[in-house]
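Take a walk through the structure below. The path runs from charged pairs to cysteines, then to a pocket and a surface patch.

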Amino acid sequence: MISRILVAVIGIPLLLFLLLFCPTIGLAMVIGLLSAIAVFELLGSTGYLQRRAMLAATIALAFLVPLWFYFGASQAVALGALLLFLMFLFSCAFASGETVTLGHIGACLLAGVLIPAFLSSFLMISDMENDKFLILLPFVSAFCSDGTALFTGILFGRHKLAPVLSPHKTIEGSIGGFLGSVLACVIYGYVVQALTGVAPNVPVLALYGVLGSAVSQFGDLAFSYIKRQFDIKDYGHIFLAHGGVLDRFDSVIFCAPLTTVMVSLLPFFYFT
């Protein structure tokens, strides 16, 4: 319990500083570092990939993907890098005597490309107008959904949501997660209004709360599925009792790109 409180006391202010005050290049570097750690956690804790060359290349790519988003490299550069990476993976497979499988290659693509690309949504949001109001939304929705789902499940949970994937999750907890996310997003809108005078678009924030909770719960189940496949409890211990990067940010990984998509389609706040 003490370690959880310590991580929260240090981690929350640090997270707010990185998202609200850190230069974008610094945020890109941090996302790259977190992505690299996530690769190490996913491929290391599962014991799925024993080839050091493939692991090192995947870690390097995961670190570079957010920098590609920051510098806005051309699509040709991105396609060229992915081509080289895929050729390298298959070259390792050719030389392995068929011990490197298509599953190993797919795991490298998931860890080295998709996870950092989703986390790089924060860089896309930071480039948008009025980003400081928007960049916290994935955390508001995901963390509040997770928290209210947990406590609602403890108090009222009776019916299992996904007994094979996550035995402790309940339908009642899931509903509580939806309600908590909607309420948190709407309250967040009014907090922004109180601090800045910018009017919130309450229906859009409520809709985001619903969809954000849906994708965050889906992300939680997705990474629980991987844990169940490999019989592991936590991906890592960088956050002490809170686990690793993937344990803390599994729901945010899915919630961040949703924010980018919705912000590009709907106004979350009314600016005059």
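**Charged pairs, cysteines, a pocket and a patch**

Lys169 and Asp220 form a salt bridge, with their closest N and O atoms 3.1 Å apart. The two residues belong to distant parts of the chain. Lys169 sits in strand β2, residues 166–170. Asp220 sits in helix α10. The separation in sequence is 51 residues. This is a predicted model, so every value here is computed from predicted coordinates. Side chains of opposite charge can pair when their charged atoms come close.

How covered are the two partners? Lys169 is partly exposed, because its relative accessibility of 23% falls between the limits of 20% and 50%. Asp220 has a relative accessible area of 17% and is therefore buried, under the 20% limit.

Now move to the other pair. Lys227 forms a salt bridge with Asp247, and here the closest N and O atoms are 2.7 Å apart. This pair also links distant parts of the chain. Lys227 lies in helix α10 and Asp247 in helix α11, 20 residues apart. Lys227 is buried, at 17% relative accessible area. Asp247 is buried too, at 8%. The count of salt bridges comes to two.

Turn next to the cysteines. How many disulfides does the structure hold? The number is zero. Start with Cys185. Its sulfur has its closest cysteine sulfur in Cys144, at 7.4 Å. That is too far for a bond, because a disulfide needs the two sulfur atoms within 2.5 Å. Cys255 is in no disulfide either. The nearest cysteine sulfur to Cys255 is that of Cys185, 7.6 Å away. Are these residues buried or exposed? Cys185 is buried, with a relative accessible area of 0%. Cys255 also counts as buried, at 0% relative accessibility.

From here, go to the second largest pocket. Its volume is about 320 Å³. Its lining is made of 13 residues. Val65, Trp68, Ala78, Ala81 and Leu82 lie nearest the centre of this pocket. Which elements give two or more residues to the lining? They are α3 (52–71), α4 (75–94) and α5 (102–119). Helix α4 gives the most, with six residues.

The last stop is on the surface. Leu207, Val210, Leu211, Val261, Leu265 and Leu266 form a nonpolar patch there. Together they have about 480 Å² of accessible area. Two elements give two or more residues to the patch: α10 (202–230) and α11 (245–265). The largest share, three residues, comes from α10. Helix α10 also carries Asp220 of one salt bridge and Lys227 of the other.

Two members of the patch deserve a look of their own. Val261 lies in helix α11. Its relative accessible area is 47%, so Val261 is partly exposed, short of the 50% limit for exposed residues. Val261 also pairs a long sequence gap with a spatial distance of 9.3 Å. That distance runs to Ser121, C-alpha to C-alpha, across 140 residues of sequence. Leu266 is placed in the loop between α11 and β4 (269–270). Leu266 is partly exposed, with a relative accessible area of 33%. Both residues can join the patch because a patch residue needs over 30% relative accessible area: Val261 has 47% and Leu266 has 33%.

Methods. Residues are numbered from 1 along each chain as its sequence is written. This is a predicted model: local features need pLDDT of at least 70, side-chain atom pairs count only at pLDDT 80 or more; totals for chains, interfaces and linings use all residues. Side-chain values use heavy atoms; hydrogens and water are left out. Patches are made of residues with over 30% relative accessible area and no salt bridge: like charges are joined within 9 Å, nonpolar side chains (Val, Leu, Ile, Met, Phe, Trp, Tyr) within 5 Å. Accessible areas come from the Shrake-Rupley method with a 1.4 Å probe; for residues, only the protein chains shown count as cover. A salt bridge is a side-chain nitrogen of Lys or Arg within 4 Å of a carboxyl oxygen of Asp or Glu. Helices (H or I, at least four residues) and strands (E, at least two) are DSSP runs, numbered from the N terminus. Buried means under 20% relative accessible area, exposed over 50%, partly exposed in between (1.4 Å probe, protein chains only). On a 1 Å grid over the protein atoms alone, a cavity is a set of points where a 1.4 Å probe fits but cannot get out, and a pocket is an open set with protein on both sides within 12 Å along at least five of seven lines; lining residues have an atom within 4 Å of a point. Grid points are joined across faces, edges and corners, and a volume is the space filled by probe spheres set on the points.
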